[in-house]
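Please follow this account of a sheet and of selected salt bridges with the coordinates open alongside.

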Amino acid sequence: MSLLEVTNLHATVGAQDQQKAILKGLNISVNLGEVHAIMGPNGSGKSTLANVLSGRPGYTVTDGSMTLADEDLAELEPHERAQLGLFLAFQYPVEIPGVSNMEFLKASVDSLARARGQEQPNTAAFIKQVRLLAASVDLDPQFLKRGVNEGFSGGEKKRNEIMQLLLLEPKLAILDETDSGLDIDALQVVAEGVNRYKNENNGVVLITHYQRLLDYIVPDFVHVLADGKIVQSGDKSLALELEDKGYAWLT
Amino acid sequence: MADLSLPQVVTIPNYFSQGLLALPAELADSNDAPSLLTAALNSTLHRERWKYSKTAPVLEGLNNAMNLPTIVGGEQPGIQINHEPQQNLGFGFDLSQAPEAFARLCYAQQVLFIHVENALEAPLEIHHSDSTVPVLLSLGANADAILLETFTGNLQPQNTLWISLAEGSHLKHSRNSLDEAKLHWQYLAVDIGKNADYLLNNHAAGAGLRRQDIQIRISGQGANAELISASMISGKMALDQQVTLEHLVANGKSKQVVHNIVADGGKCTFNGRIHIYEGANGTDATLSNKNLGLGKNATINTKPELEIYTDDVTCAHGATIGQLSDQELFYLTSRGISPQAAQALLSEGFLRQCTQGPLAEAALPILINAIKQEQVA
């Protein structure tokens with residue numbers, strides 16, 4: 001069953017009078033249970049795709065459509081997209097001093113539960129669950145008391161993103177270069193977290209520069225994004241070919 | 001600009017002539033206190049410091065009736081409370097910096113002298129209800145105390161507090177000024193002796209106008225001062241914070257972090273001056289004032305100032321005026337949190353960074369509630 005359907009997507013970035021076209025007719029279809037990797041040269045629009053799908057301010061959809069579980073994403077605010085089941089693991093997770101991680105996670109879980117008409121979790125059980133999840137991605141539970149990502153190293157920030165992924169259990173996870181800046185141990189922890197998350201009832205879009213991540217998270221499809229469009233799709237062997245030959249032969 | 005004047009002729013209290021308190025240097029060689037005070041009130045320096053608050057209503061209130069504050073913890077061993085000074089406790093009065101505060105001390109029929117001789121077991125609490133008599137708190141050498149100061153009142157209260165810290169003493173001072181007064185003036189002067197420590201955790205919510213003068217002097221080598229302050233100024237209210245931190249001697253350390261939220265229609269002024277005197281080598285002084293404006297018509301004035309007359313110092317100061325960060329808002333909303341709830345979380349987080357100490361728990365709900373009220377409005 002189709003989870004994410006992106007058709008002929010055109011999007012621009014920037015203020016109204018100086019918009020720059022980045023996505024120029026992008027198509028991608030992600031079914032439940034699938035992992036899609038999106039690779040491509042710098043400036044091809046990979047992060048823009050993640051930002052447009054999640055509704056980051058500053059981007060404008062000028063043509064085409066994007067739906068998640070048959071709902072039109074373009075009509076929804078970022079928090080409504082999250083409530084629908086979309087999750088973006090940030091390339092650069094934001095530091096928020098003064099708001100503790102635990103408080104933030106509780107606000108998030110409560111908002112999602114409320115939006116879905118579910119019961120909000122009991123606080124004690126919630127804290128226990130979060131501590132276990134933090135430990136499972138090698139994040140010291142002490143970090144939960146600190147400000148959101150405050151003073152975290154690059155690797156700790158990325159592990160915090162994966163912890164949130166496991167906690168929130170979205171329908172679709174978009175990972176925007178979650179592997180960048182990670183050492184090999186952290187990369188394995190992140191990959192293990194994503195593998196633990198994925199199942200027959202969700203989908204994953206992995207945006208990455210490096211084939212290395214795909215050794216740990218095996219994609220069903222690999223797409224090459226260049227100049228705002230998917231120019232080549234294939235299975236995991238495409239990633240190896242790219243590692244070998246670069247992007248020049250496609251663009 | 002009309003000349004400023006005091007409401008009543010000043011008579012210098014007897015304990016000054018008995019040598020128990022040191023007269024301001026200017027008065028030591030003169031017996032014409034009234035004209036010296038008038039000159040100080042109308043000096044450029046003083047005018048500048050009162051530029052954002054109306055001075056006249058405060059001056060008119062200087063000789064209004066004063067009541068005794070409620071003192072809790074004053075019975076414990078190590079504390080003496082008197083209405084006359086019993087010994088010279090090292091208080092300093094600066095006429096040019098605060099002529100109005102000195103005048104108020106002179107007008108007071110009664111003054112409270114609190115002396116702490118050693119380490120206290122329990123906190124000392126001072127609760128002000130409306131205008132209270134001047135309080136002079138001194139800590140003897142190596143004494144150690146926690147001071148909790150709160151305020152209630154709604155008209156035009158004035159509270160004046162002088163603190164003198166002798167060598168090696170430690171004072172942790174927490175102050176909550178959360179009641180809505182029409183015009184509240186709080187004057188605080190702290191003199192920190194050699195190797196002594198002073199910490200002020202200051203929390204304020206809006207009043208018609210709340211004016212906080214804070215004058216801290218590092219007058220002994222190796223002394224340490226810290227000011228951590230959080231305020232929430234609701235619509236149509238105003239806060240004016242005038243902080244002076246003087247490093248008179250070498251190897252002192254000071255840190256100031258002041259976070260203020262100003263709602264639509266509110267007004268906030270922060271003037272933080274660090275003065276490092278000649279010879280105050282090895283001083284380490286930092287000052288950060290951050291302001292968050294909510295809504296379109298918040299007024300925020302901030303002026304961090306450094307005056308440095310020596311070379312060997314470490315100094316940093318900065319001030320920001322901004323709105324909530326779009327990046328932070330997007331991060332929170334991308335996790336399903338509504339924009340309104342995200343704004344509340346971020347505003348609370350901004351204040352929480354500077355809400356610390358024993359009175360934080362009492363202050364936070366009131367400050368946060370004021371943020372929520374603004375959102376509803």
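Lys24(A) counts as partly exposed because its relative accessibility is 31%, between the 20% limit for buried and the 50% limit for exposed residues. In this predicted model, its side chain forms a salt bridge with that of Asp227(A), with 2.7 Å from N to O. The two partners lie 203 residues apart: Lys24(A) belongs to strand β2 of chain A, whereas Asp227(A) sits in the loop between β11 (221-226) and β12 (229-234) of that chain.

Strand β2 leads to the sheet of chain A, an open, antiparallel arrangement of four strands in the order β2-β1-β4-β5. Its edges are β2 (20-31) and β5 (71-72), each of which pairs on one side only. Two bridges connect β5(A) with β4 (residues 59-68) in the antiparallel sense, and Leu68(A) has Glu71(A) in β5(A) as its bridge partner. Helix α1 (residues 46-54) of chain A packs on this sheet and touches β1 (2-13), β2 and β4; the directions of the helix and β4(A) make an angle of about 70 degrees.

Over all chains, the structure contains 17 salt bridges. One of them joins Glu192(A) to Arg196(A), with the closest N and O atoms 3.1 Å apart. Both residues are in helix α6 (residues 184-197) of chain A, separated by four residues, or about one turn.

In chain B, the side chains of Lys303(B) and Glu48(B) meet in a salt bridge of 2.7 Å, N to O. Lys303(B) lies in strand β17 (residues 299-308) and Glu48(B) in helix α4 (residues 44-49), so the pair ties together parts 255 residues apart in sequence. Finally, salt bridges with shared partners join Glu103(A), Glu348(B), Arg352(B) and Lys372(B) into one network.

Terms used
Residues are numbered from 1 along each chain as its sequence is written. Chains are lettered from A and ligands numbered from 1 in the order in which they are written. This is a predicted model: local features need pLDDT of at least 70, side-chain atom pairs count only at pLDDT 80 or more; totals for chains, interfaces and linings use all residues. Side-chain values use heavy atoms; hydrogens and water are left out. Two strands pair if DSSP finds at least two bridges between them. Contact means heavy atoms within 4.5 Å. Axes are lines fitted to C-alpha atoms, for helices over the stretch in contact, and angles run from 0 to 180 degrees between N-to-C directions. A salt bridge is a side-chain nitrogen of Lys or Arg within 4 Å of a carboxyl oxygen of Asp or Glu. Buried means under 20% relative accessible area, exposed over 50%, partly exposed in between (1.4 Å probe, protein chains only).
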